[in-house]
Amino acid sequence: MIEFHNLKKSFSGREVLKGITFTIGEGEIIFVLGTSGTGKSVLLKNLVGLLQPDSGEIYIDGERVDGKSEEEYLPVRRKCGMVFQHPALFDSMTVFENVAFGLRKHFNLPEDEVVKRVHESLALVRLENVDQKMPQELSYGMQKRVSLARTVAIRPKILLFDEPTTGLDPITTNAVNKLIYDLSRELNVTSVVVSHDMHCALDIADRIIVLDQGLVVAQGTPSEMKNSAVPLVVDFLAEVDSAY
Amino acid sequence: MDFSSKFCRPQRRSFERELVFEQIWKVTQQSALTTALAGFFVGAVMTVQFTMQLKQFGALAYLGGLSTSATIREIGPLLIAFMLSGKVGAFTSAELGTMRVTEQIDAIRCLGANPIQEIILPRFFGIVVSSFFLLAIGLFMSIFGGLFLGVFFAGINPDEYLRYVPVVVKWPSLLIGLFKCFVFAFLLATICTYKGYTTTGGAVGVGRSVVNTAVATMVSIVVFDWVSSVFAETAAIIYLAW
């Protein structure tokens, strides 16, 4: 469903992605793990056209999507909903308007359909009676869930999560991780989660891909990862063992 | 229901007018009182300065004309534009910079909108239009401030103060003042939206953008003021010679 072929990206002469190649199947939950600065977020941003790769190819459902113009990216962005590291909610809009934003921009829906879809999306992320609140009236964890509701409202086939649990307490982290799993299964979508949370990846991922210094150094199912001899994977697993 | 095929919006709409009106209202509402107050005191300061000079030559009758002319052509637009660059420019730059570093601008793109149409153009036109009106309000208040101080500080009666205003302040002076207001508003809107939109580097980057906006706006306003003054004086000399 999603294919990366020899993807390279540099910033000011520093090569962040040095030739990434892997594929993601339909309906999979994929965790992309790696230490900070290894290009995990850059990879997601290349997929939705927020950044353009220097070289390499990206395919979604067999269609090449890199190198398109902003206008040509619209269908790709309808297909790929992205949840950002920050909640990225629009401060001047209510929760309702935030969730409705993508629906109104991407689609020509009647207003009653927009209202219905917004309430359904908020219910999916277990939020009720918050639609008339402003984002700043909500806790950080709730803002993250509104952000998730805004993304699922457009019914994407692919959900992209950029470090969804950064800055959250352990309880909210577990709740968000469970939400990612439930949503992926309920909506039958493909999910790509960029994270450094190996514990969560072992729990809910179908496959894990580990990046180090701009290259894929390991990939496999959680059980394959547990037996990996790759030093970075061993370090991640040791962290999990020491934390639990 | 297949959303993508049934309801998908084929083309983006051009930027929406209500967003521009919203910005005009927001900026005007935020700054009208401050601008009016600043304008009043700019006129008052000019009157105090001219009073001291003109008294020496027994030419206090010209106070209203000279003070109003200098305020409208030169000092009024300049000082009020400085104040707006500190208030509107810094606010807009910080707002856009924060939207950039907290990924709101990326979110707008991912949600099917164009950030230029959605947040930049409405702010740009909103600032140009409202700053022009604010500068015009400021200029009006500066005339009122000059008159007020002329009456209470220099002891001139209002009729005497206003008698030489139409003699000294001709249409070209008013047009030059309004033209400067428009260009200062344009410079302010261009610089603050550009600096805010291109912010990088987290909270430090937002701070840097705000400082750069203030410096770039003030320098460009002073430079343009000098250029336009030279141009206006040259045009006046040519007109008089002709």
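Which residue in β4(A) does Phe4(A) stand opposite? The residue is Ile58(A). Good morning, colleagues. The model under discussion is a predicted one, and I shall begin with the sheet in chain A to which that pair belongs.

Strand β1 of chain A covers residues 2-11, and strand β4 of chain A covers residues 55-60. The two run antiparallel and are joined by 5 bridges. On to the next pairing: β4(A) is also matched with strand β5 of chain A, residues 63-64, again in the antiparallel sense, over 2 bridges. Within that pairing, Tyr59(A) stands opposite Arg64(A). The connection between β4(A) and β5(A) is a hairpin with 2 residues between the strands. One point for those who inspect backbone torsions: Asp61(A), in the turn, has a positive phi of about 50°.

Taken together, these strands belong to an open sheet of 4 strands in chain A, with the order β2-β1-β4-β5 and antiparallel pairing. The edges are occupied by β2 (14-24) and β5 of chain A; each has a single partner strand, so one side of each is left without a neighbour in the sheet. As a general remark, side chains in a regular strand alternate between the two faces of the sheet.

I turn now to one residue of chain A, Val32(A), which is found in strand β3, residues 29-33. Is Val32(A) buried or exposed? Val32(A) counts as buried because its relative accessibility is 1%, against a limit of under 20% for that class. Leaving aside neighbours within four places in sequence, Val32(A) is in contact with Lys40(A) and Leu43(A), with Val192(A), Val193(A), Val194(A) and Ser195(A), and with Ile209(A) and Leu211(A). A related pair is Val32(A) and Asp197(A): they are 165 residues apart in sequence, yet their C-alpha atoms are 9.7 Å apart in space.

Let us proceed to chain B. Its secondary structure consists of 9 helices and 0 strands. How does its extent relate to that of a compact globule? A compact globule of 242 residues would have a radius of gyration near 18 Å, whereas chain B has 22 Å. Along the principal axes, the C-alpha atoms of chain B fill a box of roughly 85 × 40 × 30 Å.

Some further values describe chain B as a whole. Of its 242 residues, 48% are buried. Among contacts between residues at least 6 apart in sequence, 82% join residues at least 24 apart. The exposed area of chain B is about 12000 Å², of which carbon and sulfur atoms supply 73%. As for charge, chain B has 17 positive and 13 negative charges, and the mean positions of these two sets are 2 Å apart.

My last example is Ser85(B), placed in helix α3, residues 63-101, of chain B. Ser85(B) has a relative accessibility of 1% and therefore counts as buried. Setting aside neighbours within four places in sequence, Ser85(B) is in contact with Ala90(B), Leu188(B), Thr217(B) and Met218(B).

That concludes the presentation. Thank you for your attention.

Notes
Residues are numbered from 1 along each chain as its sequence is written. Chains are lettered from A and ligands numbered from 1 in the order in which they are written. This is a predicted model: local features need pLDDT of at least 70, side-chain atom pairs count only at pLDDT 80 or more; totals for chains, interfaces and linings use all residues. Side-chain values use heavy atoms; hydrogens and water are left out. The radius of gyration is taken over C-alpha atoms; the globule rule is 2.2 Å times the number of residues to the power 0.38. Buried means under 20% relative accessible area, exposed over 50%, partly exposed in between (1.4 Å probe, protein chains only). Contact means heavy atoms within 4.5 Å. Accessible areas come from the Shrake-Rupley method with a 1.4 Å probe; for residues, only the protein chains shown count as cover. Lys and Arg count as positive and Asp and Glu as negative; His and the chain ends are not counted. The place of a charge is taken as NZ of Lys, CZ of Arg, CG of Asp or CD of Glu. Two strands pair if DSSP finds at least two bridges between them.
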